[in-house]
Amino acid sequence: MSPILQARAVTYGKMDRHIFPFLRRESSPILKEISLDLQEGQTLGIIGASGSGKSTLCRILSGLVAPDEGQVLYQGQDLATAPVQVRKEIRPAIQMIFQDPYGALDPRQTVRDIVGEPLDPAPDRDARILTALKEVGLSADMADRYPRAFSGGQRQRIAIARALITRPSVIIADEAVSALDVSTQAIVLNLLLDLRQRHGLAYVFVSHDLAVIRHLSHHIAVLDQGRIVESGPASDILDTPTQPATKALLENTY
Ligand SMILES: Nc1ncnc2c1ncn2[C@@H]1O[C@H](COP(=O)(O)OP(=O)(O)OP(=O)(O)O)[C@@H](O)[C@H]1O
């Protein structure tokens, strides 16, 4: 099996150049030589203490931010240096879902506009919006309402519909269920599992909740101060951790 998404020796955030460009002070990078593979149709769980670099890694894997060193490869193509046409084709294939279903949706846009936003104008646009809503269990009559009319779980479904509409192969979910109450979490997780099965999606799934990670992940990578200190099959990492950082996470369920 060949990986669909790979990080190769990714280093990011080496300098405080945004604050004092003239000083160019060397600081410890946020991410250090990160290498990982995401297999097609599988889930890679990412765990790590607060500030270990999980959100930064998500932004880099999604192509929103380019690494300072190293590469992110989608089907072997470098997100940063592939020809423009290739990058244009890759962009819709990797989508992100964020933690905050309230903050992530523009309150002034209808659900139709929010879900259709990643699509270029196309004759089948409206039909695709309604299909995406149906995929996440929302009905067509919800399309003309505004986010404020929905519960947290429904808003996260809207965010998932928006991610699905470009027919991605990879979804990167950064604490995607953390803001939801436990029973809504279970419903949204089962929806994500169902979509993985139906569309052969691969997920990078960041969560501080190890039960959630165990439920979803085939493989797990443990981040500690910007480095991957341990990675492997989910059951190995969770049942027989070898690194102090992993043991601390398991003991504290931070
Ligand atoms: N824009 C930025 N400029 C400077 N430093 C940043 C920036 N974003 C994040 N950092 C720093 O990078 C480190 C990693 O942050 P990141 O948000 O990726 O960690 P995280 O593991 O997702 O944390 P949490 O679980 O608390 O969300 C932290 O030390 C943070 O202070």
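This is a short guided tour of the structure open in your viewer, one selection at a time. Keep in mind that the model is predicted.

**Stop 1: the whole protein**

Start with everything shown as a cartoon. You should be able to find nine helices and 10 strands. The radius of gyration is 19 Å, close to the 18 Å that the globule rule gives for 254 residues, so the protein is as compact as a globular protein of that length. Turn the model around: along its principal axes, the C-alpha trace spans about 50 × 40 × 40 Å. Of the 254 residues, 38% count as buried. How much of the contacts with a separation of 6 or more comes from residues 24 or more positions apart? The share is 67%.

**Stop 2: around the ligand**

Now select the ligand and the residues that surround it: Ile30, Gly48, Ser50, Gly51, Ser52, Gly53, Lys54, Ser55 and Thr56. Colour this shell by class, and you will get one nonpolar, seven polar and one charged residues. Which element gives the largest share of the shell? That is helix 1, residues 54-61, with three residues.

**Stop 3: helix 6**

Next, select residues 182-199, which form helix 6. Try your viewer's distance tool on its two end C-alpha atoms, which are 26 Å apart. At 1.5 Å a residue, the 18 residues of this helix should span 26 Å, so the two values agree.

Now highlight Gln185, Val188, Leu189 and Leu192, the buried residues of helix 6. Look down the helix axis: these buried residues fall within an arc of 105 degrees, so they line one face of the helix. What do they pack against? Their partners are helix 5 (152-164), strand 8 (202-206) and helix 7 (210-216).

Spin the helix to see the face turned away from the buried side. There you will meet the exposed residues Ser183, Asn190, Gln197 and Arg198. Before you leave, step just past the end of helix 6 to Gly200, which takes a positive phi of about 60 degrees.

**Stop 4: Pro147**

Select Pro147, in the loop between helix 4 (125-135) and helix 5. Is this loop residue buried or exposed? Pro147 counts as buried because it has 20 C-beta neighbours inside 10 Å, and a residue is buried if 20 or more other C-beta atoms lie within that distance. Leaving aside residues up to four places away in sequence, Pro147 touches Leu105, Pro107, Arg155 and Ile158. Add Ile114 to your selection as well: Pro147 and Ile114 are 33 residues apart in sequence, and their C-alpha atoms are 9.2 Å apart in space.

**Stop 5: two residues with positive phi**

Finish with a pair of backbone details. Pick Ala9 in strand 1, residues 3-12. Its phi is near 50 degrees, a positive value in a residue other than glycine. Ala9 is exposed, with 12 other C-beta atoms within 10 Å.

Then move to Arg167, found in the loop between helix 5 and strand 7 (170-174). Arg167 is not a glycine, although it has a positive phi of about 55 degrees. Where does it fall, buried or exposed? With 12 C-beta neighbours inside 10 Å, Arg167 counts as exposed, since a residue is exposed if 12 or fewer other C-beta atoms lie within that distance.

How values were computed. Residues are numbered from 1 along each chain as its sequence is written. This is a predicted model: local features need pLDDT of at least 70, side-chain atom pairs count only at pLDDT 80 or more; totals for chains, interfaces and linings use all residues. A residue is near a molecule or strand if its C-beta atom, placed from the backbone, lies within 6 Å of it. Helices (H or I, at least four residues) and strands (E, at least two) are DSSP runs, numbered from the N terminus. Ala, Val, Leu, Ile, Met, Phe, Trp, Tyr, Cys and Pro count as nonpolar, Asp, Glu, Lys and Arg as charged, and the others, Gly among them, as polar. The radius of gyration is taken over C-alpha atoms; the globule rule is 2.2 Å times the number of residues to the power 0.38. Two residues are in contact if their C-beta atoms, placed from the backbone, lie within 7 Å. The expected span of a helix is 1.5 Å times one less than its number of residues. The arc is that of the directions from the helix axis to the C-beta atoms.
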